[in-house]
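Reader: I should be grateful for a close look at a single part of this model, namely the side of chain A that touches chain B.

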Amino acid sequence: MSSSTRTDCVRCGACMPLSLARSGDQVVCVSVEGSVGSRRHLSDLGILPGTRMQVVSGGGQPGPVIINVRGAKLMLGRGMAHRIMVRPD
Amino acid sequence: MSRPIVIGLAGNPNAGKTTVFNALTGAHQHVGNYPGVTVEKKEGIATHAGRELRIIDLPGTYSLTAYSMEEIVARDFVVHEKPDVIIDVVDASNLERNLYLTTQFIELQQPTVVALNMIDVAEMSGKRIDHELLGELLGVPFVPCVAARGQGMRELLDAAIRVADENRKPALHMRFGSELDCHVDQIEAMLVASELQSDAAPRWLAIKLLENDARVREMVEKQAAGADEILAAVDSARSHIERIVGDDAEVAIADQRYGLASGAVRQAMQHDQTRRIDWSDAVDRVLVDRVLGLPIFVLFMWLMFEMVFRLGGPPMEWVEAFFGALAGYASSVLPDGDLKSLIVDGIIGGVGGVLVFVPNIALLFIAISLLEDSGYMARAAFVVDKVMHHVGLHGKSFIPMLIGFGCTVPAVLATRTLDRERDRIVTMMIVSFMSCGARLPVYILLAGAFFAPHVAGKVIFSVYALGVAVAMFMALVFRSTLLKGPTTPFVMELPPYRMPTLRGVAIHVWERAWHYIKKAGTVILGFAIAMWVLMSYPKPPADMLEGLDAAHQATVALEYSAAGRMGKAIEPALRPLGFDWRIGVALIAGFGAKEVVISTLATAYSMAEAGGETENLQAVLRRQPGLSPLVAYALMVFVLMYVPCLGTIAVIYRETGSWRWPAFAATYTTVLAWIAAFIVYNVGSLLGYQ
């Protein structure tokens, strides 16, 4: 079970939205904002608090982001990437 | 054992489920609908080791929650229909994520076999998977296979039949950690005590209740004795879990499932890091690069269209020659009269005029299939999203739009990948502007007849480009007016790069091309005959034809016929576009299927030419005084944009569930077509073009 939680995030200070991570960064998901539906959708695809991810490209720039997660590649739109809070791994 | 074994085929989208289905059932398939919903139901038959198998291809899902129609359908089938065995198709190159669904089948405690598909791709990327160990860890048999090459299918069916015969349930019982397990046990006990009648096991229902599954909750509310206490216990359990774990119960449960999946993968899979596909990341970085991505995409699209038109040329000529010879033979053998006209002009002319383009269509579908199977399509969607975002379109809309270049009907169906209704509807409304394969014959005919060879290609390209531009423009208009709202958040899997297999491409292309040929044989044949009838009857009285030569007689006869009168009736509306009544007749015919525009033109003009000569239609058109390059271009623009074919209207109705949208699509596209053709013709005339 992940040690970082939504409440931790507020205190942690190293958290940022995935959309701000840079290409090549290794990050860990802290929390996922948004509606129940989109959170569920992301968790079905493997993104949960505690999930390790690597930013492949699009990091820091406006537009979609490609990440490696659980051995697969996902492409996330800017809206989604804004809502995934991460910290450096 | 004479009853067929019922097999449910499940798995993630893109895991190769349909490939497995095709490999197992071959041509013995039947597609229908699940009652009451727009989700497709595919069933097929197979025989193996003397046993008859009934295989149902369930919708691809990532999970068995109640959030999408696909998941509900898949889940309901497994729970209520209780297939004898479930085959869970898992993508070996994406193992951890795929096993998330597998853990849920384990929760269901129904006989299951896992097809570990695409092991060739996994091996190529340096992953070595011990499938037997996986089977031990997860309690279900794992059968490695490469469905695209037909490998492993026999072993898969052997395992499935064995598991079905033994009614062998998964040897693993899902555990969720002490906190969660405690609550699952508690709710399970309450459900058992209430003696609730349900197809599903109480333990599974308990898990779903803790996950706040809406459908299970509703069912319990309505049918369980003491429902209030049970639900109160569930709610209190959920808050307890949230306090302890720090997150929603469903996240906690998902986390446990992934924990099991990743643990199993860690033990059973060796990943040779030195052979890791870092080249894939590097390639991706280039293909989706901010600067290079779009030009690379345009290059691929250009290559695709070049291939379709250049390579398609010679085969087209062969088919044309064949039908020309056929028409000539029929002409010489049959006695003069209506029957001969029906067969030569109506049937051979009509259907032949359309089948000529099968090589082109096939090449287009081959190109699309190559792009899809290799994995480039997903990267293209990424690149295209940046542009589409500006007109309010979702990057995923790109795939239906690309399919629309082949045929609009599957393109409308492809909008299902979009989650938000609004995005789906906008895409459905503009996808017909991606000029489909049926309209292509019209362009080729007209451009070939009225423009020099090296110009004709560019003319056709300009029509396609216009279609894309109009689509983007209309998307912007719709998103600013009728269909406002935020766009669906964009999440898309990027499949690993694969070498498209000959077999895989052949299957895709054959499906779609066969569909086109079948359409020619049935719908278009029907329309061709119908149009012939409308164009031949009523016949003018003999005195009207006196003193006229053959060509004039034919024209008068056509004017007198039912179709001719319809054309004449709308002629005033078409005059400002430079069209005459004969074009009007062809356009009316095009309401049914766009291919019929050509066959109607062929019939109308070959009949007007009379004498039974089978001349090249393009030469015939060139000779008509009312037609010129400018009129031809205006006509191409009109055909590009006006009403989607009947098949598209029907499928839009089915997908949106109301007549509003198909009616709107039919009307606004025709109005737009008229305006565009008007502009082209009149501005062109003013500029001095002929």
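Author: The following account describes that interface from the side of chain A. This is a predicted model, in which local features need pLDDT of at least 70, side-chain atom pairs count only at pLDDT 80 or more, and totals for chains, interfaces and linings use all residues. Residues are numbered from 1 along each chain as its sequence is written, chains are lettered from A and ligands numbered from 1 in the order in which they are written, and side-chain values use heavy atoms, with hydrogens and water left out.

Chain A brings 35 residues to the contact and chain B brings 41 residues, contact meaning heavy atoms within 4.5 Å. About 3400 Å² is buried between the two chains, 57% of it from carbon and sulfur atoms; buried area is the accessible area (1.4 Å probe) that two parts lose on being put together, summed over both. On the side of chain A, Arg40(A), Lys73(A) and Met75(A) lose the most area, together 22% of what that side buries.

Four salt bridges are counted between chain A and chain B, each a side-chain nitrogen of Lys or Arg within 4 Å of a carboxyl oxygen of Asp or Glu. One of them joins Arg70(A) to Glu96(B), at 2.7 Å from N to O.

Lys73(A) also has a bridge partner, Leu494(B), in S10(B). Strand S10 (residues 491-494) of chain B runs antiparallel to S5(A), and four bridges join the two; strands (E, at least two residues) are DSSP runs, numbered from the N terminus, and two of them pair if DSSP finds at least two bridges between them.
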